[in-house]
Amino acid sequence: MRKFNFCAGPAALPEPVLRQAQQELLDWGGRGCSVMEVSHRSAEFLEVAERAEQDLRDLLSIPDNYKVLFLQGGATAQFSAVPWNLFGVGDKVADYIHSGQWADKAIREAKRYGQVNIVASGEDRSFTYAPGAESWTQSDNAAYFHYTPNETIGGVEFDYVPDVTCPLVADMSSNILSRPIPVEKFGVIYAGAQKNIGPSGIAVGIVRDDLLDRAMEGIPRSLSWKVAAEAGSMDNTPPTFAWYLAGLVFRWLKGQGGVEAMSTLADRKSTLLYEFIDRSDFYSCPVEKSSRSRMNVPFVLADERLDKEFLRQSEEAGLLNLKGHRSVGGMRASLYNAVPLEAVEALVSFMADFEKRCA
Ligand SMILES: *Cc1c(COP(=O)(O)O)cnc(C)c1O
């Protein structure tokens with residue numbers, strides 16, 4: 001029996017997608033083999049690849065002057081790819097918002113190649129909020145401006161898109177496809193798949209055409225967006241099964257009503273959980289209200305000695321993977337698109353019950 005899964009990543013996948021993959025696993029569309037066992041250059045796989053791209057374009061209303069890339073190395077490879085691809089023209093200077101642990105990793109990598117200006121940081125309050133635009137000091141010569149719209153570990157989500165004068169780059173790994181986004185305001189969007197897109201092993205890049213010609217000399221071929229764009233993301237063998245599964249997720253999303261429907265659902269799910277936590281004296285969420293993530297909800301118990309018991313009993317109740325990130329402790333419930341409302345209802349009901357028994 002499938003249980004409710006709140007894992008931060010690799011995360012829950014929609015059950016109908018898994019069922020379709022299961023059904024097609026041995027004999028894909030009557031071909032007598034699996035989708036994993038055909039050439040990535042075959043007509044039949046190219047159709048899978050192109051359909052996935054088109055569905056993603058439809059879901060996010062991606063304008064024609066943006067390339068959609070299917071990349072390898074996860075979001076982490078993009079931490080390096082961003083400076084490699086954008087520092088080749090002008091000064092090697094970039095603005096970064098330091099909003100938590102993922103932003104920190106992106107910053108550390110960019111510093112290897114150029115000068116990083118931290119235009120705003122949430123460090124003064126332990127990364128429990130998204131710094132507002134009024135606090136910035138943007139550089140006038142930055143090659144790009146990077147931020148992390150949703151900090152998966154801290155549970156901090158920006159409720160606005162920064163307005164900047166240079167290309168805006170966003171690591172959308174944990175909240176892509178959870179709401180409509182104005183793609184035209186971005187230069188580059190990237191996201192590892194294993195939160196809201198599909199299984200791990202593939203990442204998506206959305207890159208404005210004019211940014212394909214700014215790479216530093218000596219860029220590793222495997223990090224080049226231009227090479228990927230010219231090769232249809234097949235300069236080398238792509239992770240075909242992950243690509244196929246991501247495509248099934250895009251199809252499923254369209255059937256669910258697209259990103260507008262996902263946004264409404266994300267509101268309902270996260271509001272249910274946050275309101276319950278705020279009403280309780282036993283549970284609390286450290287994140288400031290205006291910056292609370294709809295995807296990752298961190299919370300702590302009044303007595304951390306009960307953590308182990310909470311995790312044991314929640315698992316017994318069929319609620320999986322609620323343990324917080326090892327660096328922050330406590331609990332974290334990730335409520336990505338594939339997590340149904342019933343899962344959150346079951347979680348809240350369990351939490352109320354646990355509080356009654358143990359508080
Ligand atoms: C998970 C995550 C990453 C890391 O992704 P990998 O695919 O493991 O490299 C980076 N940024 C954010 C915001 C994430 O949630």
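**Chat notes on a two-domain predicted model**

Me: Let's start small: which side chain does Arg 19 meet in a salt bridge, and at what distance?
Reply: In this model, which is predicted, the side chain of Arg 19 meets that of Glu 15 in a salt bridge, with 2.7 Å from N to O.

Me: Where do Arg 19 and Glu 15 sit?
Reply: Both belong to helix α1, where Arg 19 and Glu 15 are four residues apart, or about one turn of the helix.

Me: And how many salt bridges does the structure hold?
Reply: The count comes to 25 salt bridges in the structure. As general background, side chains of opposite charge can pair when their charged atoms come close.

Me: Switching topic, what does the domain assignment give?
Reply: The assignment splits the protein into domain 1, residues 16-256, and domain 2, residues 258-358. Their contact draws on 27 residues from domain 1 and 24 residues from domain 2, while the centres of the two domains, taken over C-alpha atoms, are separated by 27 Å.

Me: What area is buried between domain 1 and domain 2?
Reply: About 2,100 Å² is buried between domain 1 and domain 2, and carbon and sulfur atoms give 52% of that area.

Me: How many salt bridges are found across that interface?
Reply: The rule finds one salt bridge across the interface of domain 1 and domain 2. As for pairs involving Arg 125, its side chain and that of Glu 288 meet in a salt bridge at 2.4 Å, N to O. Polar contacts across the interface of the two domains amount to 15 residue pairs, counting those with both residues at pLDDT 80 or more.

Me: Which elements supply the domain 1 side?
Reply: At least two residues each come from α2 (43-60), β7 (156-157) and α6 (240-256) on the side of domain 1 that touches domain 2, and the largest share of that side, four residues, is supplied by α6. Sorted by class, the side of domain 1 that touches domain 2 has 10 nonpolar, 11 polar and six charged residues.

Me: What about the backbone, where is there a cis peptide bond?
Reply: Gly 9 and Pro 10 are joined by a cis peptide bond, with omega at about -10 degrees, and Pro 10 is found in the loop between β1 (4-5) and α1 (15-24). In general, most peptide bonds are trans, and most residues other than glycine have a negative phi.

Me: Then which residues have a positive phi although they are not glycine?
Reply: Phe 127 has a positive phi of about 55 degrees, and Asn 321 has one of about 60 degrees. Phe 127 is in the loop between β4 (115-121) and β5 (144-147), whereas Asn 321 is placed in the loop between β13 (319-320) and β14 (331-334).

Me: What is Phe 127 in contact with, leaving aside neighbours within four places in sequence?
Reply: With those neighbours left aside, Phe 127 is in contact with His 98, Ser 99, Gly 100, Ser 121, Gly 122 and Val 156.

Me: Last one, what does the UniProt annotation cover?
Reply: The unreviewed UniProt entry annotates residues 4-347 as "domain: Aminotransferase class V". The end C-alpha atoms of residues 4-347 lie 9 Å apart, and the span is 33% helix and 17% strand.

Conventions. Residues are numbered from 1 along each chain as its sequence is written. This is a predicted model: local features need pLDDT of at least 70, side-chain atom pairs count only at pLDDT 80 or more; totals for chains, interfaces and linings use all residues. Side-chain values use heavy atoms; hydrogens and water are left out. Domain bounds come from an automatic or database domain assignment. Contact means heavy atoms within 4.5 Å. Buried area is the accessible area (1.4 Å probe) that two parts lose on being put together, summed over both. A salt bridge is a side-chain nitrogen of Lys or Arg within 4 Å of a carboxyl oxygen of Asp or Glu. A polar contact is a pair of N or O atoms within 3.5 Å; within protein, one must be able to donate a hydrogen and the other to accept it, and residues adjacent in sequence count only if both atoms are side-chain atoms. Ala, Val, Leu, Ile, Met, Phe, Trp, Tyr, Cys and Pro count as nonpolar, Asp, Glu, Lys and Arg as charged, and the others, Gly among them, as polar. UniProt positions are given in the numbering used here, feature names are shortened, and annotations may be inferred rather than shown by experiment.
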